Amino acid sequence: MKLDGHKKARLVVKGFSQVKGLDFNQVFSPVVRFETVRLMLALAALENWYITGLDIQSAYLYGKLNKEIYMEQPKGFAVPRQEHKVLRLWRALYGLKQAGLAWWCTLNESLKELRFECLKSEAGIFFCKKKGTNIVIGIIYIDDALFCSPNKAVVDAIKVQFMCKWECRDLGEPNEFLRMRITRKGCAIHLDQCTYLQKVIERCSMLNAKSTSTPLLAGYYATKNTEPVDADLCSHFQTVIGSLLYLMLGTRPDIAFAVTHLLRHAMNPSQDHLNKALYICHYLIGTSTYSLVYNGGSGAGLIACTDSDWGSDTTSCLSQTGFYLKLADGLISWTSRAQKTIVYSSTEAEYMALSDCARQVTWIRSLLGELSYKLKAIPICGDNQGSIFMASNPVMEPRSKHLDIHYHGIRESVTKGNMELFFIDGAENPADLLTKNLPCKKFRAQLGLQFPSGSI
């Protein structure tokens, strides 16, 4: 059942019976990242780009196979008196392990014929430069495509050429992409996952549940379950936390810490872990109408904030890293995760968080550079003076000499002028929300989250 109410049936082959090396070699197929989609939509809001969408029908069937593969005739569709014969596949079908890769290779070659180039920084983004300052950007996720450009006529012409190559459904101005609802209001673009969230709440049997004000209880830290694995409990927990993870990756940075914190125990959860996952659902019930807003009229450029919580995990003594990147007054990228090694001071934990954030900033700079954007130094805000000093001055100190060398890459970026570090008071640092459980209303405005009415 499709989201628009239509029913669809597919012939799916038994890919589980394929043998690696005989039926396939590589199966990896690149797809566009959530953060890249949000970046493009934020740019569309700032630049007032026209956006249109296409749905490619039966995309995998266009993928050409480079292996000799046979399949049994489907039950009920066998050719009379030739039931003993098998079918040879010339094109990919759903279920084949290499179907996604075969389609992407075909798509890539066809877009080259339309003079599109694939970004080196993001395999799911294609761009085509036209006369003057016109540029067309294609955002491709398997069989879903968005095209953006400042010139509507140029986009429509490209779309016609695209539809001549494949059977597509013209979606016009898109209302949805990757289960994220897209709403354009003037110069602002709103993203939400209200429909998907409602399904998650129904799946968890929580339609009449009460709401809570925070994703997790203040001061709560999950402990490792030492009991044997309960298969039913594990399956239930993974279903809930997996659904919450998709929401967090899409439009809900406010639950990032809570979800990633519980996700560490997905292999052997306890009843307490499941209860806390459902507690996040209680919070989402009360905030189900949140939307992530990119305000094109703000003219706000790129800015990053970073924070860490030193030794917050009482079991492993690991610190928590949190950082985000913001454009057009809305978050385009966010991360909340435990650091991989134990550190001996809050300054070291903050320095490692700054370094991780700097790598993300470097990637965003590279991506925008391929689209011909010339950027000045991108500001990164942190609330620890010691870590900012360590990152701004290439000196070896006793407290930093034992850190892995890759963390010192931030110094080169600062020296080159690609980024600039600023101090922000810890009480005013929105990235703090990504390192511990806080009242989410405190930083809602800074994250770009709004209710439909627009009130903060």
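In the predicted model, helix α1 passes helix α8 in a right-handed crossing. Helix α1 spans residues 34–47 and helix α8 spans residues 346–370, and their axes come within 12 Å of each other. The two axes cross at roughly 55°, and α1 and α8 are therefore oblique to each other. On the side of α1, the contact is formed by Glu35, Thr36, Leu39, Met40 and Leu43. These residues meet Gln360, Trp363, Ile364, Leu367 and Leu368 in α8. By class, the contact of α1 with α8 comprises seven nonpolar residues, two polar residues and one charged residue.

Leu39, one of the α1 residues in this contact, also provides a point of reference for strand β15. The C-alpha atom of Leu39 is separated by 9.6 Å from that of Gly330, although the two residues are 291 residues apart along the chain. Gly330 belongs to strand β15, which covers residues 330–338. The relative accessibility of Gly330 is 0%, and this residue therefore counts as buried.

A second helix pair is formed by α6 and α7. Helix α6 (residues 256–263) packs against helix α7 (residues 271–286) at an angle of about 160°, and the axes lie 11 Å apart. Because of this angle, α6 is roughly antiparallel to α7. The crossing of these two helices is left-handed, whereas that of α1 and α8 is right-handed. Ala258, Val259 and Leu262 represent α6 in the contact, and their counterparts in α7 are His273, Lys276, Ala277 and Ile280. The classes represented in the contact of α6 with α7 are nonpolar, with five residues, polar, with one, and charged, with one.

The loop between α6 and α7 contains His265. This histidine has a relative accessible area of 13% and is therefore buried, the cut-off being under 20%. When neighbours within four places in sequence are left aside, the contacts of His265 are with Ala222, Thr223, Lys224, Phe237 and His273. Among these, His273 also takes part in the contact between α6 and α7, on the side of α7.

Another buried position is found in helix α9, which extends over residues 385–392 and includes Ser387. The relative accessible area of Ser387 is 2%, and the residue is accordingly buried. Beyond residues up to four places away in sequence, Ser387 touches Thr347, Glu350, Tyr351 and Leu354.

Charged side chains were examined next. Side chains of opposite charge can pair when their charged atoms come close. Across the whole structure, 14 salt bridges are found. One of the salt bridges joins Glu113 to Lys165, with the closest N and O atoms 2.6 Å apart. This pair links distant parts of the chain, since Glu113 lies in helix α2 (residues 99–113) and Lys165 in helix α3 (residues 152–165), with their positions 52 residues apart in sequence. Glu113 is exposed, at a relative accessible area of 57%, whereas Lys165 is partly exposed, at 31%.

The salt bridge between Lys416 and Glu412 has its closest N and O atoms 3.1 Å apart. Both residues lie in helix α10 (residues 409–416), where they are four residues apart, or about one turn of the helix. With a relative accessible area of 58%, Lys416 is exposed. Glu412 has a relative accessible area of 48% and is partly exposed.

A further salt bridge brings together the side chains of Lys436 and Asp432, at an N to O distance of 2.5 Å. Lys436 is partly exposed, with a relative accessible area of 22%, while Asp432, at 11% relative accessibility, counts as buried. In addition, Arg337, Asp356 and Arg359 are joined into one network by salt bridges that share partners. Of the residues in this network, Arg337 falls within the range of strand β15, residues 330–338, and both Asp356 and Arg359 fall within the range of helix α8, residues 346–370.

How values were computed. Residues are numbered from 1 along each chain as its sequence is written. This is a predicted model: local features need pLDDT of at least 70, side-chain atom pairs count only at pLDDT 80 or more; totals for chains, interfaces and linings use all residues. Side-chain values use heavy atoms; hydrogens and water are left out. Buried means under 20% relative accessible area, exposed over 50%, partly exposed in between (1.4 Å probe, protein chains only). A salt bridge is a side-chain nitrogen of Lys or Arg within 4 Å of a carboxyl oxygen of Asp or Glu. Axes are lines fitted to C-alpha atoms, for helices over the stretch in contact, and angles run from 0 to 180 degrees between N-to-C directions. Angles under 35 degrees count as roughly parallel, over 145 as roughly antiparallel, 65 to 115 as roughly perpendicular and the rest as oblique. A crossing is left-handed if the near helix is turned anticlockwise from the far one by less than a right angle, and right-handed if clockwise. Contact means heavy atoms within 4.5 Å. Ala, Val, Leu, Ile, Met, Phe, Trp, Tyr, Cys and Pro count as nonpolar, Asp, Glu, Lys and Arg as charged, and the others, Gly among them, as polar.
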